[in-house]
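Colleague: Please take a close look at the helix packing in this model. I would like the geometry and the residues involved, pair by pair.

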Amino acid sequence: MIKTGIYIRVSTEEQAKEGFSINAQKEKLTSYSKINNWDNITYYIDDGLSGKNINERPNIIKLINDVKNKEINNVLIYKLDRLTRSVKDLINLIEIFETNNCSFNSITEKLDTSTAVGRMFIKIIGTFAEFERENLAERISFGYEQKTKEGNYTNTNGVYGYDYIDGNLIINKQEKELVNNIYNLYLKGYSMLQIANKLNKENIPTKRNGKWYQSTIKSILTNPLYIGKIRYGLHKKNKAFQVLGKQQAIISINKFNKVQKLINKKRA
């Protein structure tokens, strides 16, 4: 038996638009269902809600759950943007429908995933969505790389010893003293773990008010940021590089190099 879920949505701004009212959509969708002999109908109506966020629409959530529970095996909408305005969300919904053997139909776009043409159309949408995501990731990566080459620090979360203000790293005087102390302790023979335990016992918080760990200390002891440099692509061997940054140094080059030699010696 075909159990059809008719989904209807209209935002507050669209209430006055002809053809988008709740009643207009319901009438057209009901007629379309009868023509196709889909008589077992359940209506899911989100009235006055935007199409941007699925999680804020209770009836589309109910529809999804009913599809997963096999209570609906055919979804009908008036237009794709009634379901969602996000291509990503659309693809996710289509995957949910397909996984649960639920057909999906849009009467405006003449879309029906029970047909080969309908499935092809969805794959085309998915291809373009994937292309856009990859393109966006490349643009973001290129932007970060270029900003780093110009001497800018791109981690807006900041790093211990500095505050990130208006796109610039500004020395935090109190944290600067601790960074120097960490370097001094390591050169005196303390291990990274011992330094972390010492700071925790003294109730000194990390940059984000957390606990100190061996890895936290290591990141401070090996970061060239403290000698005025910025590194990029730490985990991208073919793209990794260092440049002179715009921030003031906290550690002398001599002290930094001594620590690196000691770390390498202990590692050997």
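Modeller: Start with α6 and α7, which are oblique to each other, because an angle that is neither under 35 degrees, nor over 145, nor within 65 to 115 counts as oblique. This is a predicted model, and in it helix α6 covers residues 173-187 while helix α7 covers residues 192-201. The angle between the two is about 135 degrees, and their axes lie 10 Å apart. Their crossing is right-handed. On the α6 side, the contact is made by Leu178, Ile182, Leu185 and Tyr186; on the α7 side, Met192, Ile195, Lys198 and Leu199 take part. Sorted by class, the residues of this contact are seven nonpolar and one charged, with no polar residue.

The other pair is α2 with α4. Helix α2 runs over residues 58-68 and helix α4 over residues 87-99. They pack at an angle of about 30 degrees, with 9 Å between their axes. Angles under 35 degrees count as roughly parallel, so α2 and α4 fall into that class. The crossing of α2 past α4 is left-handed. From α2, the residues in contact are Ile60, Ile64, Val67 and Lys68; they meet Leu93, Ile96 and Phe97 of α4. This contact divides into six nonpolar residues, one charged and no polar.

To put the pairs side by side: α6 and α7 cross in a right-handed sense, whereas α2 and α4 cross in a left-handed one.

Methods:
Residues numbered from 1 in each chain as written. Predicted model: local features only at pLDDT ≥ 70, side-chain atom pairs only at ≥ 80, totals over all residues. Heavy atoms only, no water. Axes fitted to C-alpha atoms, helices over the stretch in contact; angles between N-to-C directions. Helix = DSSP H or I, 4+ residues; strand = E, 2+ residues; numbered from the N terminus. Left-handed = near helix turned anticlockwise from the far one by under 90°. Contact = heavy atoms within 4.5 Å. Nonpolar A, V, L, I, M, F, W, Y, C, P; charged D, E, K, R; others polar.
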